[in-house]
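Me: I am new to this structure and would like a close look at one part of it. Could you walk me through how a pair of packed helices meet, and then show me what lies around them?

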Amino acid sequence: MTADCSEYTPLLSAAADGVLSPEEQSRLADHLACCPACRERYAQTLLIHETLSAWEAPEPPGDLTAAVMARIRSERAVRRKRRRCAAALAACFTLLLFSARLLPPMGKGSSDAVSADTGGAAEYNEAALYDSAAEGAAPSATPELREAEPKEPEQVLQGASTFFNAPQTGGGADAETDKAAADAPAVVTLSSSDPELLSWMTSNISPEARCSQDEDAWLITADEYQALNAHIEEAAIDCEMEWGSFFTAAAVPEENQAIEEEKEMICVIYLQAGEPEETPEEVPAPPEPEP
Amino acid sequence: MTEQELVLAAQRGDDAAFEELVRAYEKKVYHLALRMCLDSDAAFEVSQEAFLSAWRGLKFFRRDSSFSTWLYRLTSNAAIDYLRRRKRQGDTVSLDDRDAVPDPADPGPSPQRQAENRELGEALSRGLASLSEDHREILLLRELQGLSYDEIAQALSLDLGTVKSRIARARERLRKYLLQGGNFSEYLPSNLANTKGREG
């Protein structure tokens, strides 16, 4: 065998598979006719091919099909449970929104009225919700919240998140709502035309985290988010990432990202495959109240 | 039902159809996983993962490739993920630690030929284990699963030229491994006689 013989290696392999073109076949035949070393190489390559392709598949140790189907049933049960939880959460949230809309505007006047009249049941209860969330029930929290200007829908939603997230500190309304926003589940929307992203999600994100069979949306943990990020970087996937809050359905500032990435969090992710021209689907946040 | 009908039914949520597909492919998927992972417990686990990935990804399966090609790709991916996880944990399988990989079947009729094939099979098992993941993967898809070059290109997202050259390199490494182990000398002449017709 000479140095030139190495150029025949691909041909020897392709010949063993019987996929040579007529031109390649005649080139190889000419070479084999005058090169005993390559004739031997070909015979060895062919022997490897014939031996390997004759290997029979062994029986799996145990009932593989039964094991797979058992796991599918178990996954399906978890998915159903998750969906029921998500629906319950959505219903609670909608209810809270509805309650918030029934309240009078939270201006100075109403604040005074509440201070004077603790019998205002609806307002008192709402205040209690916020208060009970603050450790030590800082007395200033409720008045400060109420002294703010009438809330825009988005602000009301941020306030509502204090109910779910139970901030551990008292303090001003802004600090509280900021912390609540930071504690709220973040929403990250990924838009990409690279199907690899979708396929990675399907293969690597725990299937019970999928919101439904029909949506490319997952509730993911911080660890899963980090793994996703690492994969996006490693595989150089071209995608646009937009952050928002589950409670405001609005984009949140860049600096909030750091906070959200550090803590245990839940994200809802939307992916698009192959259709970059389409607008990303809306995040399944509850509907905002009409002005 | 044909395989295509079973896939369609499974895509519509018919678990019985999916179960039938799993049963049809369990041996091949397990074999691929076993040859990739070199450990029967890991192969059993990897096979389950591959089928579960298929079930989870059914809605994304576009049927522009065959179900088997897609399934083998998922198996191969699951096996490589497993091997990488194991490598990260500092756990590797030595070439002598592969009791779980069965000896290949002996298709030859005569006792002498059977003995030769058994020896060659064992040497090939060791040789395959010595290959890189990429080379082992592509050779197993070609030899064990019988995928065509086109199907392998599709399964591994490679171009046809890369498939050809990678298979050739994998075979060449395997050939050199066997040669260094002196595994060809004993039975090659008889096999040489049988393969003359393929030359050219």
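Reply: Helix 2 of chain B meets helix 3 of chain B through B:Asp15, B:Phe18, B:Val22, B:Tyr25, B:Glu26, B:Val29, B:Tyr30, B:Ala33, B:Leu34 and B:Cys37 on the helix 2 side. Facing them from helix 3 of chain B are B:Ser40, B:Ala42, B:Ala43, B:Phe44, B:Val46, B:Ser47, B:Ala50, B:Phe51, B:Ala54 and B:Trp55. Sorted by class, the residues of this contact are 16 nonpolar, two polar and two charged. Please keep in mind that this is a predicted model.

How do the two helices lie against each other? Helix 2 of chain B covers residues 15-37, and helix 3 of chain B covers residues 40-56. Their axes come within 8 Å and cross at roughly 140°. Because of that angle, helix 2 of chain B is oblique to helix 3 of chain B. The crossing of this pair is right-handed.

Helix 3 of chain B also leads us to the largest pocket, since it is among the elements that give two or more residues to the lining. About 1,900 Å³ of space lies in this pocket. It is lined by 46 residues, and those closest to its centre are A:Glu196, A:Ser199, A:Ser203, B:Arg73 and B:Asn77. Besides helix 3, chain B supplies two or more residues each from helix 4 (67-88), helix 6 (133-143) and helix 7 (149-156), while chain A does so from helix 10 (195-204) and helix 11 (222-234). Helix 4 of chain B gives the most, with twelve residues. Taken by class, the lining has 19 nonpolar, twelve polar and 15 charged residues.

Now follow helix 6 of chain B, another of the lining elements, to a contact between the chains. It packs with helix 3 of chain A (residues 36-53) at an angle of about 70°, and the axes are 9 Å apart. Helix 3 of chain A and helix 6 of chain B are therefore roughly perpendicular to each other. As in the pair we began with, the crossing here is right-handed. Helix 3 of chain A brings A:His49, A:Leu52 and A:Ser53 to the contact, and helix 6 of chain B brings B:Leu139, B:Arg142 and B:Glu143. This contact is made up of two nonpolar, two polar and two charged residues.

One more pair, within chain A, is worth a look. Helix 1 (residues 9-16) and helix 2 (residues 22-34) of chain A pack at about 110°, with axes 10 Å apart. These helices are therefore roughly perpendicular to each other, and their crossing is left-handed. A:Leu11, A:Leu12 and A:Ala15 of helix 1 touch A:Glu24, A:Arg27, A:Leu28 and A:Leu32 of helix 2. Five of these contact residues are nonpolar, none is polar and two are charged.

Definitions and conventions:
Residues numbered from 1 in each chain as written. Chains lettered and ligands numbered in written order. Predicted model: local features only at pLDDT ≥ 70, side-chain atom pairs only at ≥ 80, totals over all residues. Heavy atoms only, no water. Axes fitted to C-alpha atoms, helices over the stretch in contact; angles between N-to-C directions. Helix = DSSP H or I, 4+ residues; strand = E, 2+ residues; numbered from the N terminus. Parallel < 35°, antiparallel > 145°, perpendicular 65-115°, else oblique. Left-handed = near helix turned anticlockwise from the far one by under 90°. Contact = heavy atoms within 4.5 Å. Nonpolar A, V, L, I, M, F, W, Y, C, P; charged D, E, K, R; others polar. 1 Å grid on protein atoms, 1.4 Å probe; cavity = no way out; pocket = protein on both sides within 12 Å on 5 of 7 lines; lining within 4 Å. Points joined across faces, edges and corners; volume = space filled by probe spheres on them.
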